[in-house]
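Okay, thanks for squeezing me in. I'll put the structure up and just talk you through a few spots on it.

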Amino acid sequence: FLHLESEKIFTYCSLKKLSEKLAPQSFIQTHRSYIINIDKIKDIENNSVLIGTKVIPISRRYKKNVLNKIDVL
């Protein structure tokens, strides 16, 4: 599913193919099941990101990359 501000869209597109189409400066993968828009991040806590009211996990595999991307380190 793609979760947009106003709707949720079902797609058969793989996350890998989807990530290739997204702007790398605006989107980052946080987990094997999640790619997020960096501009929508409200808060980062431990191993999760808050986007709106949704808590998105950050896996150990992607954490360093996520933190580097948003200049927290």
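So, start with F10: you'll find F10 in the loop between β2, residues 8-9, and α1. Keep in mind that this is a predicted model. What does F10 do on the outside? Together with F1 and Y12, F10 makes a nonpolar surface patch of about 460 Å². If you're following along on the screen, those are the three aromatic names to click on: F1, F10 and Y12.

Now hang on to F1, since that residue turns up again at the largest pocket. The volume of that pocket comes out at about 920 Å³. There are 24 residues lining the pocket, and the ones closest to its centre are F1, L2, H3, L4 and I35. Which elements give two or more residues to the lining? Those are β1 (2-3), α1 (15-21), β4 (34-37) and β7 (54-57). β4 has the largest share, with four residues. As for chemistry, the lining splits into 14 nonpolar residues, seven polar and three charged.

β7 takes us over to the strands at the other end of my list. Let's go through β5, β6 and β7 in order.

β5 is residues 41-45 and β6 is residues 48-51, and the two pair antiparallel over four bridges. Within that pairing, I41 sits opposite I51 of β6. The two strands make a hairpin with two residues between them, and in the turn N46 has a positive phi of about 50 degrees.

Then the chain does a similar thing again. β6 and β7 run antiparallel too, joined by four bridges. Here as well there's a hairpin with two residues between the strands, and this time G52 is the one with a positive phi, near 65 degrees. Who faces whom? I51 is opposite K54 in β7, and S48 is opposite P57, also in β7.

So I51 is a handy residue to label: across from I51 you have I41 in one pairing and K54 of β7 in the other. One general point while you're looking at those strands: in a regular strand, side chains alternate between the two faces of the sheet.

That's my tour, happy to rotate things if anyone wants another look.

Methods
Residues are numbered from 1 along each chain as its sequence is written. This is a predicted model: local features need pLDDT of at least 70, side-chain atom pairs count only at pLDDT 80 or more; totals for chains, interfaces and linings use all residues. Side-chain values use heavy atoms; hydrogens and water are left out. On a 1 Å grid over the protein atoms alone, a cavity is a set of points where a 1.4 Å probe fits but cannot get out, and a pocket is an open set with protein on both sides within 12 Å along at least five of seven lines; lining residues have an atom within 4 Å of a point. Grid points are joined across faces, edges and corners, and a volume is the space filled by probe spheres set on the points. Ala, Val, Leu, Ile, Met, Phe, Trp, Tyr, Cys and Pro count as nonpolar, Asp, Glu, Lys and Arg as charged, and the others, Gly among them, as polar. Patches are made of residues with over 30% relative accessible area and no salt bridge: like charges are joined within 9 Å, nonpolar side chains (Val, Leu, Ile, Met, Phe, Trp, Tyr) within 5 Å. Accessible areas come from the Shrake-Rupley method with a 1.4 Å probe; for residues, only the protein chains shown count as cover. A salt bridge is a side-chain nitrogen of Lys or Arg within 4 Å of a carboxyl oxygen of Asp or Glu. Two strands pair if DSSP finds at least two bridges between them.
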